[in-house]
Amino acid sequence: MPVLATLLAVLVSSTAFAHAVADGDKGYIQEVSGVLLLPFTYLGAKHMVTGYDHILFLFGVIFFLYRMKQIAIYVSLFALGHSSTMLLGVYFDFGINSYLIDAIIAFSIVYKALDNLGAFQRWFNYQPDTKLVTLIFGLFHGFGLASKIIDYDISPDGLLPNLIAFNVGVEIGQLLALSAILIAMGYWRRTPSFLRHAYTANVVMMTAGFILIGLQLTGYFTS
């Protein structure tokens, strides 16, 4: 389980919340104005690559997907939801409490782990539409980022092109993170340990999601 172990190490060692922007980047966002496409593209890519909640969810989504066509469909649905609410949320100044939206995002990790374990079929004899669920959770992931950006009071001068550039960066970062996961998963899937450890990997991922939920709800009630 090398991929999951790496992600969990980042989760445990990080002191920042999942959608927080680094202090230096925060200051930059607050101070600049005008159209700055390359810097915002870089910031978007950096956010996604370091956004362990996004990566854990994507890890769960592709865990049992083997065909690139299937992976492309699910990742595209996630990107569509993520992009839509991020752009619209910031542009129309509509955000959700950061702790609550991050708790929902953490729940998406728990949900996907349970789905991979076949829990819904065993418990309810029903399999939710995985494509629709991926799109819906993508919407929540986008709101998480939008809520943070709104908190940083980004300049209205050049807002729309900068947001589009940021979103392009997010998608670039997502592709980079996904490529790394797929390479590691490709090696892991060819080993005898994959099926033997698949159950454990999803249980650990679910546990990480519950930990994140607890951290976010604690932050909400104590802030």
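A helix here is a DSSP run of H or I with at least four residues, a strand is a run of E with at least two, and both are numbered from the N terminus. This is a predicted model, in which local features need pLDDT of at least 70 and side-chain atom pairs count only at pLDDT 80 or more, while totals for chains, interfaces and linings use all residues. Residues are numbered from 1 along each chain as its sequence is written, and side-chain values use heavy atoms, with hydrogens and water left out.

## The overall picture

So what does the protein chain contain in the way of secondary structure? The count comes to 10 helices and zero strands. Read from the N terminus, the order of elements is simply α-α-α-α-α-α-α-α-α-α.

The protein chain has 223 residues, and 51% of them count as buried. Buried means under 20% relative accessible area, exposed means over 50%, and partly exposed is what falls in between (1.4 Å probe, protein chains only). About 10,900 Å² of the protein chain is exposed, with carbon and sulfur atoms supplying 68% of that area. Accessible areas come from the Shrake-Rupley method with a 1.4 Å probe, and for residues only the protein chains shown count as cover.

A contact means heavy atoms within 4.5 Å. Take the contacts in the protein chain with a separation of 6 or more: 88% of them join residues 24 or more positions apart.

## Ser 155, in a loop

Ser 155 sits in the loop between helix 8 (130-151) and helix 9 (159-189). Is Ser 155 buried or exposed? Its relative accessible area is 16%, so Ser 155 counts as buried. Leaving out residues up to four places away in sequence, Ser 155 touches Val 32 and Ser 33. The side chain of Ser 155 also reaches the backbone nitrogen of Asp 157, at 3.2 Å. That is a polar contact, meaning a pair of N or O atoms within 3.5 Å; within protein, one must be able to donate a hydrogen and the other to accept it, and residues adjacent in sequence count only if both atoms are side-chain atoms.

## Helix 9 and helix 3

Move on to helix 9 and you find Ala 165. With 6% relative accessibility, Ala 165 counts as buried. Its C-alpha atom is 8.4 Å from that of Pro 39, although the two residues are 126 residues apart along the chain. Ala 165 touches Leu 37, Phe 40 and Thr 41, again not counting residues up to four places away in sequence.

Val 49 belongs to helix 3 (residues 37-50). At 41% relative accessibility, Val 49 is partly exposed. Which residues does Val 49 touch, not counting those up to four places away in sequence? They are Ile 55 and Gly 173. The C-alpha atoms of Val 49 and Gly 169 are 10.0 Å apart, with their positions 120 residues apart along the chain.

## Charges and rings

A salt bridge is a side-chain nitrogen of Lys or Arg within 4 Å of a carboxyl oxygen of Asp or Glu. How many turn up in a search of the whole structure? Just one. Lys 112 forms a salt bridge with Asp 115, and their closest N and O atoms are 2.8 Å apart. Both residues lie in helix 6 (residues 98-116), three residues apart, about one turn of the helix. Lys 112 is buried, at 8% relative accessible area, and Asp 115 counts as buried too, at 10%.

Now for the rings. Aromatic pairs are rings of Phe, Tyr and Trp (its six-membered ring) with centres within 6.5 Å; planes under 30 degrees apart are stacked, over 60 edge-to-face, and the rest tilted. By this rule there are 15 aromatic pairs. Phe 57, Phe 78, Phe 107, Tyr 111, Phe 120 and Phe 137 make up one aromatic cluster.

Two arginines lie over tyrosine faces, as the table shows. A charge sits over a ring if NZ of Lys or CZ of Arg is within 6 Å of the ring centre and within 35 degrees of the ring normal.

| Charged residue | Ring | Distance from ring centre |
|---|---|---|
| Arg 189 | Tyr 66 | 4.4 Å |
| Arg 190 | Tyr 187 | 5.0 Å |

## Two positive phi angles

Asp 93 is not a glycine, yet its phi is positive, at about 55°. Asp 93 is found in the loop between helix 5 (68-91) and helix 6, and is exposed at 58% relative accessible area. Asn 125, also a residue other than glycine, has a positive phi near 55°. Asn 125 lies in the loop between helix 7 (119-124) and helix 8, and its relative accessible area of 71% makes it exposed.
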